[in-house]
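User: I'm new to reading protein structures and would like a close look at one part: the place where the ligand sits. Could you walk me through that spot, and then through whatever connects to it?

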Amino acid sequence: MAQDKPKRQPHNEISQGMARVKHIIAIGSGKGGVGKSTVSTNFAIALKNTGAKVGLLDADIYGPSQPVMLGLNKQPEVRGDYLIPLKKHGLVFMSIGLLLSEDQPVIWRGPMASKMVQQFITNVLWGELDYLLIDLPPGSGDVQITLAQQAALTGAIIVTTPQQVALGVANKGLQMFKHVNVPIIGIVENMSGFICPKCGENTPIFKTGGGEKLAADLGVNFLGGIPIDPELMASGDEGVPLLEKKGDSPAVKAFVDLAQKFKSVSSQVIADAAEPSSIALSDDGNLVLEWPDGQSASFSPYDLRISCPCASCVSEDTGQRTLDPKQIALDIKISGYEKVGRYAVGITFSDAHNTGIFKFDRLKSIEQKQKDSTGKTFNV
Ligand code: ADP
């Protein structure tokens with residue numbers, strides 16, 4: 001029976017309005033009130049000031065504060081199925097808060113909240129951007145997991161304050177991203193001491209160094225500390241972010257340094273991520289991944305099927321393969337495939353098996369093994 005040829009799928013469904021966004025970065029925190037929105041807004045402007053095209057999405061459905069911080073309160077234009085983001089301070093911007101009236105409480109919970117966020121971010125027409133920063137709601141529940149899995153994130157930044165209690169929950173948020181294979185670009189410590197405007201002395205009101213220690217303990221990058229600066233708060237309330245006012249206060253300098261550090265660390269994270277630039281099926285039915293360096297790798301349906309890493313093919317307890325390759329027809333085909341986030345491809349085979357998620361980094365190392373010992377079958 002003739003198989004329908006699967007379509008080439010360079011982006012997953014959620015990313016239609018984001019098709020021309022180069023990198024999507026989530027900004028999360030374990031706890032609310034650590035200054036995630038203040039950091040996101042000023043960081044976005046510092047990044048824009050380096051010459052990058054930057055979009056900012058306020059997806060904090062439980063406390064969307066960025067319209068106030070950016071001095072925006074008009075409704076976005078709707079064009080067909082899409083929302084057109086607003087422009088201010090050189091940023092392209094959208095917030096769930098622009099769609100809600102000020103006194104409207106947010107009562108979405110669990111799956112409903114996830115669906116809402118998913119729909120919301122799918123329907124924004126971002127245009128061409130170098131970076132889209134997504135200010136997530138605090139915590140590590142359904143909404144954050146949905147976003148992390150579906151928004152094809154390049155990486156995540158975690159904002160914390162130096163206190164132990166904030167660090168503990170920051171770690172939880174970080175583990176959530178790791179769990180869904182989103183690379184951690186680094187940790188930012190906000191409220192990292194108070195610098196006296198008169199003498200320049202740093203008073204560690206909430207102690208300092210906790211974020212740096214957490215980063216070191218977990219083996220992730222420390223991107224920098226932002227001091228407490230009453231001007232940061234006042235400018236947020238005024239609707240003109242401190243970074244837009246320029247100046248050379250320690251907080252402004254800290255954001256400038258943060259943007260520089262972010263750029264160098266994230267380019268390394270991007271280089272390390274084994275994400276293909278395209279996925280396709282060849283005429284003879286092999287899965288072909290093209291890597292950003294122009295090289296490509298070809299995997300036969302049979303080799304992939306017998307190497308399926310799913311729980312029904314590999315024992316979760318022992319890690320031993322439970323699938324007997326003799327059960328698999330030599331002429332098995334790939335009947336569909338779909339990119340999973342930025343880290344894997346899910347494959348449906350002609351025997352209807354569709355639970356295998358093949359991670360790109362493993363496919364890449366398999367490709368290397370194939371090159372080293374041509375002719376041998378591989379294990380994913
Ligand atoms: P979150 O998004 O984590 O809930 P916000 O960004 O809304 O936190 O910040 C909470 C409050 O703390 C706001 O009033 C904000 O102006 C203030 N704030 C945040 N970071 C700083 C800082 N580094 N210095 C001074 N005030 C800050």
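Analyst: Here's a walk from the ligand outwards, ending with a few single residues.

Before anything else, keep in mind that this is a predicted model. The residues around the ligand number 14, and Gly33, Lys36, Ser37, Thr38 and Asn190 come nearest. Sorted by class, that shell is made of seven nonpolar, five polar and two charged residues.

Where do the shell residues come from? Helix H1 (36-48), strand S9 (184-195), strand S11 (222-228) and helix H7 (230-238) each give at least two of them. H1 has the largest share, with three residues.

Now zoom in on the backbone around the ligand. A polar backbone atom of Gly35 is 2.9 Å from an oxygen atom of the ligand. For Lys36, a polar backbone atom and a ligand oxygen are 2.8 Å apart. Pro227 deals with a nitrogen atom instead: one of its backbone N or O atoms lies 3.0 Å from a nitrogen of the ligand. How much of the ligand does the protein cover? On its own the ligand has 560 Å² of accessible area, and the protein covers 79% of that.

Let's follow two of the elements that feed the shell, beginning with strand S11. Gly224 sits in this strand. Is Gly224 buried or exposed? Its relative accessibility is 17%, so with the cut-off for buried at under 20%, Gly224 counts as buried. Leaving out residues up to four places away in sequence, Gly224 touches Ile187, Val188 and Glu189. There's also a link in space to note: Gly224 and Lys261 are 37 residues apart in sequence, but their C-alpha atoms are 8.0 Å apart.

Next, helix H1, and a bit of ring geometry. To describe two aromatic rings, you give the distance of the centres and the angle of the planes. The chain has three aromatic pairs. One of these is Phe43 with Phe262, with centres 5.1 Å apart and 80° between the planes, an edge-to-face arrangement. This pair bridges distant parts of the chain, as Phe43 belongs to helix H1 and Phe262 to helix H8 (residues 250-272), 219 residues apart. Both rings are on residues tucked away from the surface: Phe43 is buried at a relative accessible area of 2%, and Phe262 is buried at 0%.

Phe262 has another ring partner, Tyr131. Their ring centres are 5.4 Å apart and the planes meet at 65°, so this pair is edge-to-face as well. Again, distant parts of the chain are joined: Tyr131 is in strand S7 (residues 129-135) and Phe262 in helix H8, 131 residues apart. Tyr131 is buried, just like Phe262. Put together, the ring pairs tie Phe43, Tyr131 and Phe262 into a cluster.

Back to Lys36, which leads us to another residue. Asp60 is located in the loop between strand S2 (54-58) and helix H2 (66-69). Being in a loop might make you guess that Asp60 is out in the open, but what do the numbers say? Asp60 has 7% relative accessibility, so it counts as buried. Not counting residues up to four places away in sequence, Asp60 touches Lys36, Ile96, Asp135, Leu136, Pro137 and Pro138.

For a contrast, look at Lys333, in the loop between helix H9 (301-306) and strand S15 (334-340). Lys333 has a relative accessible area of 40%, so it falls in the partly exposed class. Its side chain reaches the backbone oxygen of Asp331 at 3.2 Å. Lys333 and Asp284 are 9.6 Å apart from C-alpha to C-alpha, with their positions 49 residues apart in sequence.

One more local stop is helix H4 (residues 142-150), whose buried residues are Val143, Gln144, Thr146, Leu147 and Ala148. Just past H4, Ala152 has a positive phi of about 50°.

Finally, step back to the whole chain. There are 10 helices and 17 strands, and 50% of the 380 residues are buried. If you take contacts between residues at least 6 apart in sequence, 68% of them join residues at least 24 apart. The chain exposes about 18200 Å², with carbon and sulfur atoms supplying 51% of that area.

Methods:
Residues numbered from 1 in each chain as written. Predicted model: local features only at pLDDT ≥ 70, side-chain atom pairs only at ≥ 80, totals over all residues. Heavy atoms only, no water. Near = heavy atom within 4 Å. Polar contact = N/O pair within 3.5 Å; in protein donor to acceptor, adjacent residues only side chain to side chain. Areas by Shrake-Rupley, 256 points an atom, 1.4 Å probe, with all protein chains shown as cover. Helix = DSSP H or I, 4+ residues; strand = E, 2+ residues; numbered from the N terminus. Nonpolar A, V, L, I, M, F, W, Y, C, P; charged D, E, K, R; others polar. Buried < 20%, exposed > 50% of the residue type's maximum accessible area, 1.4 Å probe, protein only. Contact = heavy atoms within 4.5 Å. Phe/Tyr/Trp six-rings, centres within 6.5 Å; stacked < 30°, edge-to-face > 60°.
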